[in-house]
Amino acid sequence: MSVYEKIKEKIISSAGYVKTKVSEMASKVQKFLGDLYDEIVFTPDEDYERLEACEQERIESCLRAIAEVLGENPLNRLMSLSPQERALALCLIVEKTAEYMSIEIDNIILGDFEDINGYYSEANRAIALDIQRLIEEPMTESTAKGVLATVFHELRHAYQHNACKSPALYNMDRATARIWRTNFKNYISPSKNPRRYFNQPVEQDARDFALLVVDCFNS
Amino acid sequence: MIDEKKLKSVLMKKHNYDRELALQTIEDIKALDEDILEAAQGFINTDEIKNITVEPCDVASLIEAYNMNPIGAYIFIDWLRKEPNKALQCLGLGFDEIKDIEDAEEEAQEEIGEE
């Protein structure tokens with residue numbers, strides 16, 4: 001028997017011991033590194049079915065908030081309100097949805113932004129909405145849909161911000177959270193590169209989420 | 001011929017692009033159609049904006065109505081020519097932004113300092 005074969009045999013015979021030791025070491029490293037462990041040694045989640053159910057719950061939270069504020073026919077109701085009432089209704093929807101989704105929104109800003117529909121401020125935990133579309137008289141169904149889509153688009157950014165910090169707490173798979181975290185660090189504004197803005201993961205996701213919510217109701 | 005080093009410096013120092021986006025945008029500029037590339041290079045060298053129209057948009061109105069950086073407007077016009085449905089969907093939905101991302105801004109400032 002050659003030296004190599006002897007070594008191989010030795011390793012095979014002590015495989016159980018090696019496996020236990022490696023597992024112990026990994027556990028110690030994980031404990032020592034805390035959250036950093038996930039950054040270095042990444043393993044994907046396996047409970048996708050549960051995570052998908054949580055995503056559905058988030059959509060239902062949005063629909064519940066809309067129903068509570070605007071009733072059964074939200075588009076018609078929003079169109080029939082005065083501009084001041086619309087502003088109030090949207091602020092209420094933001095507050096209720098944030099509460100149901102356990103996300104923190106400290107400020108809701110209504111302003112004249114001209115070139116953008118709204119924004120989410122990460123540092124100020126604020127959602128801003130363009131008031132020009134809100135005060136449109138008469139408000140068309142398309143504008144009503146667009147305004148509500150913007151609300152849920154910006155709320156989704158707030159959710160992404162929370163989820164990429166604590167994916168387990170916010171029931172988001174860690175792979176997606178990791179992609180969002182990287183995207184937040186390298187966020188592309190529409191004015192600098194509109195094509196890459198449109199295609200970046202956090203914008204794609206916020207657009208898809210808002211569409212899923214808004215497509216659930218029609219006047 | 002594009003001077004990539006100069007272009008990167010202009011994008012970062014003059015137009016406030018962070019390093020990563022500057023590098024990505026250089027790749028986008030290199031892939032522009034010839035007429036749009038020529039106009040974009042003209043803007044980079046002389047600050048002169050040559051208007052290019054791809055129906056239903058033109059560079060000047062993108063800068064005016066959407067507050068686009070001229071480089072961004074040239075990229076959009078090229079996108080509109082190559083993928084009209086997607087570009088128009090983007091325009092139709094409108095733009096939003098995520099602001100006050102502290103880490104990213106700090107990193108961008110550090111990069112400019114290193115240049």
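In this predicted model, the search for enclosed space yields a count of one cavity of 30 Å³ or more. The largest cavity has a volume of about 40 Å³, and its lining is formed by L90(A), N117(A), L129(A), D130(A), R133(A), L134(A), V147(A) and T150(A). Two or more of these lining residues come from each of β3, α7 (131-134) and α8 of chain A. Sorted by class, the lining of this cavity comprises four nonpolar, two polar and two charged residues.

Open space was examined in the form of pockets. The largest pocket encloses about 520 Å³ and is lined by 27 residues, among which G146(A), A149(A), T150(A), R207(A) and L93(B) lie nearest its centre. At least two lining residues are supplied by each of α8, α10 (194-199) and α11 (201-214) of chain A, and likewise by α6 (84-93) of chain B. The greatest contribution is that of α8(A), which gives eight residues to the lining of the pocket. The classes are represented by nine nonpolar, nine polar and nine charged residues. T150(A) thus appears in the lining of the largest cavity and also among the residues nearest the centre of the largest pocket.

Both chains contribute to an open sheet of four strands, which has the order β1(A)-β3(A)-β2(A)-β3(B) and mixed pairing. Its edge strands, each pairing on one side only, are β1 (107-111) of chain A and β3 (96-99) of chain B. Neighbouring strands of the sheet are turned against each other by 15 degrees on average, with direction ignored. The link between the chains within this sheet is made by strand β2 (residues 118-121) of chain A, which runs parallel to β3(B) and is joined to it by four bridges. Within this pair of strands, G118(A) stands opposite D96(B) of β3(B). Helix α8 (residues 141-165) of chain A, already noted for its share in the pocket lining, lies across β2 and β3 (126-130) of chain A together with β3 of chain B, and runs at about 15 degrees to β2(A).

A further element of the architecture of chain A is the packing of two helices. The axes of α4 (residues 48-70) and α6 (residues 83-100) of chain A come within 9 Å and cross at roughly 145 degrees, and α4(A) passes α6(A) in a right-handed crossing. On the side of α4(A), the contact is made by S61(A), C62(A), R64(A), A65(A), I66(A), E68(A), V69(A) and L70(A), whereas α6(A) supplies A89(A), L92(A), I93(A), K96(A), T97(A) and Y100(A). By class, the contact of α4(A) with α6(A) involves nine nonpolar, two polar and three charged residues.

Particular backbone geometries were found in loops of both chains. In chain A, the peptide bond from E137(A) to P138(A) is cis, with omega near -10 degrees, and P138(A) belongs to the loop between α7 and α8. In chain B, a cis peptide bond joins E55(B) and P56(B), with omega of about 5 degrees, and P56(B) is placed in the loop between β1 (53-54) and β2 (57-58). Finally, S102(A), although not a glycine, has a positive phi of about 55 degrees, and this residue is situated in the loop between α6 and β1 of chain A.

Technical notes: Residues numbered from 1 in each chain as written. Chains lettered and ligands numbered in written order. Predicted model: local features only at pLDDT ≥ 70, side-chain atom pairs only at ≥ 80, totals over all residues. Heavy atoms only, no water. Pairing = 2+ DSSP bridges. Axes fitted to C-alpha atoms, helices over the stretch in contact; angles between N-to-C directions. Contact = heavy atoms within 4.5 Å. Left-handed = near helix turned anticlockwise from the far one by under 90°. Nonpolar A, V, L, I, M, F, W, Y, C, P; charged D, E, K, R; others polar. 1 Å grid on protein atoms, 1.4 Å probe; cavity = no way out; pocket = protein on both sides within 12 Å on 5 of 7 lines; lining within 4 Å. Points joined across faces, edges and corners; volume = space filled by probe spheres on them.
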